[in-house]
Amino acid sequence: MITIFGIPSAALFGQLLIGLINGSFYALLSLGLAVIFGMLNIINFAHGAQYMLGAVAAFLLLQWTGIGYWPALVVAPLVVGAFGIVIERTLLQWLYKLDHLYGLLLTFGLALIIEGLGRNYLGSAGLPYTLPDSLRGGQNLGFMFLPNYRAWVIVASAVICFGTWFAIERTRLGAYLRAATENPTLVRAFGINVPVMITLTYGFGVALAAFAGVMAAPIYNVSPQMGSELIIVVFAVVVIGGMGSILGAILTGFGLGIIEGLTKVFYPEASNTVIFVIMAIVLLVRPAGLFGRRA
Amino acid sequence: MLDRTGPLLAVKDLQAWYGESHILHGVSFDVREGEVVTLLGRNGAGKTTTMKSIMGIVGQRAGSVRFEGQELIGKQSNQIARAGIALCPEERGIFASLSVEENLTLPPVVRPGGLTIDQIFELFPNLKERLGSSQGTKLSGGEQQMLAIGRILRTGARLLLLDEPTEGLAPVIIQQIGKTIRALKQQGFTILLVEQNFRFASTVADRYYVMEHGRVIDQFANAELDANIDKLHEYLGV
């Protein structure tokens, strides 16, 4: 058996793959949080619940209407994103001028309500979501076995993250977004409808969470608490990367997923806490986060 | 319907508040098409607030702001911009997270007839050299001011609100901005200018309104400047 640093290579690469998978979800979710925070100045604590709603939407689409994985990957984010838009118009828009704390409390309350409703109607046991046939099976790479679905998750997440980064940092619409993050009053006085932009940004961030939820459905079971389990780690990722930094959210998401995976191989006892240890160190050394700009 | 006989901008009994504080107490003045009109006054007289109220970016306002005969007092600032008014704010408002080029092309074109990028570079040759600069705020103060003026010339807006464009700049750059304002006037732009420096204003302005405590207290044409110079010194406390 081949070993690296005394560890069987299959175990090492296996954990690395799990780390990359987790990192894909960390990146997608912290990216949405960063986009929302930048534009709305709101720490979206309902992000985990919205991720869960994506998975639940995919599950229900399959159960009720027979709509499968591929259409659900588009339909679920659209439906959950529209739900996000309703929340922004009816609730969040009144909080922009207040302290961050109010937005955090409101979205935390929303998360509890959504999860409570989920438990009420779906129960807290996980519901299985069957893999689409096209993504069953896997590849033997020689040093490890790579399931097709896992490979798809990593590639799709990387593509979506890069696409979002590109749209924000390199396009005209992205320039509007960045400018409105800095000085919404002036951008509006140039003739741009900033309130509509804010609403759509929230819808997009929520849709990203739902997209991650659909991708997660075949890997983890669909359960009402799947979001709250993940979101605490994702917030740690956002703190490490720096609030409001797009590239920071993506790189830190993938990076910390890998670090977590490697910790499972070399020192399994620390694998659940390593991200929080890193967060504590980063907060001590660079309070604004690795990629954050000091306000 | 457009009212071609009236002034391009007619401000009547304009009132404005920031929270509890009542800043403008009934400001009235006109700007005719093709004119350069300057608001003079001490710090805190309400000049900048007047600009912001026209643009719709103060807390609360009342009275009347008519542009091309259209009432703007109830409109949002994005609609006011689309009507054809553009603001160059006192703090310049260059965006740090945008490159120089992105800053220059940020304000959308609201109607045809704006300057092309090349025409803007003719007015401000320095900007062309700094186009590759990654961050708008890395420019010098003068270059930032040129960028702040240049970017609103693309939009096709007919009325430009320039809030203290010479503040804190070197004399040679002030001269260049004066030259630019005269060139813009020749091209048919209408300009409302806020200035502390009336020596500079006298090189570009057709008429002046003097403000104090949130009201217009006097007005005169540029030709009457010499006759009014003592009064003006008194108003401005210089």
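B:Leu40 stands opposite B:Val210 in strand S9 of chain B. That pairing belongs to a predicted model. Strand S3 (residues 36–41) of chain B runs parallel to S9(B), with five bridges between them. This briefing follows the strands of chain B, then turns to the contact with chain A.

**Strand S9 and its hairpin**

- S9(B) spans residues 207–212, and five of its six residues are buried, so the rest of the structure largely encloses this strand.
- S9(B) also pairs with strand S10 (residues 215–221) of chain B, this time in the antiparallel sense, over six bridges.
- In that pairing, B:Glu212 stands opposite B:Arg215 in S10(B).
- The two strands, S9(B) and S10(B), form a hairpin with two residues between them.
- B:His213 sits in the turn and has a positive phi of about 45°.

**Strand S8 and its neighbours**

- Strand S8 of chain B covers residues 190–194, and five of its five residues are buried.
- Cover comes on both faces of S8(B).
- B:Thr190, B:Leu192 and B:Val194 are buried on one side, while B:Ile191 and B:Leu193 are buried on the other.
- S3(B) pairs with S8(B) in the parallel sense over four bridges.
- Within S3(B) and S8(B), B:Val36 stands opposite B:Ile191.
- Strand S7 (residues 159–163) of chain B is another parallel partner of S8(B), with five bridges.
- Here B:Asp163 stands opposite B:Val194.
- Helix H7 (residues 171–186) of chain B joins S7(B) and S8(B) in a right-handed β-α-β unit.

**Contact between chains A and B**

- Chain B gives 24 residues to the contact, and chain A gives 18 residues.
- The area buried between the two chains is about 1,800 Å².
- Carbon and sulfur atoms give 58% of that area.
- On the chain B side, B:Asn78, B:Phe95 and B:Leu106 lose the most area to chain A, together 31% of what that side buries.

**Polar links across the interface**

- The rule finds one salt bridge across the interface of chain B and chain A.
- B:Glu102 forms a salt bridge with A:Arg178, and their closest N and O atoms are 2.8 Å apart.
- Eight residue pairs are in polar contact across this interface, both residues being at pLDDT 80 or more.
- Helices H2 (77–83), H3 (100–105) and H6 (141–153) of chain B are the elements that each give two or more residues to the side touching chain A.
- H2(B) gives the largest share of that side, four residues.

Conventions:
Residues numbered from 1 in each chain as written. Chains lettered and ligands numbered in written order. Predicted model: local features only at pLDDT ≥ 70, side-chain atom pairs only at ≥ 80, totals over all residues. Heavy atoms only, no water. Buried < 20%, exposed > 50% of the residue type's maximum accessible area, 1.4 Å probe, protein only. Pairing = 2+ DSSP bridges. Right-handed = clockwise from strand over helix to strand, strands pointing away. Contact = heavy atoms within 4.5 Å. Buried area = accessible area lost by both parts, 1.4 Å probe. Salt bridge = Lys/Arg side-chain N within 4 Å of Asp/Glu carboxyl O. Polar contact = N/O pair within 3.5 Å; in protein donor to acceptor, adjacent residues only side chain to side chain.
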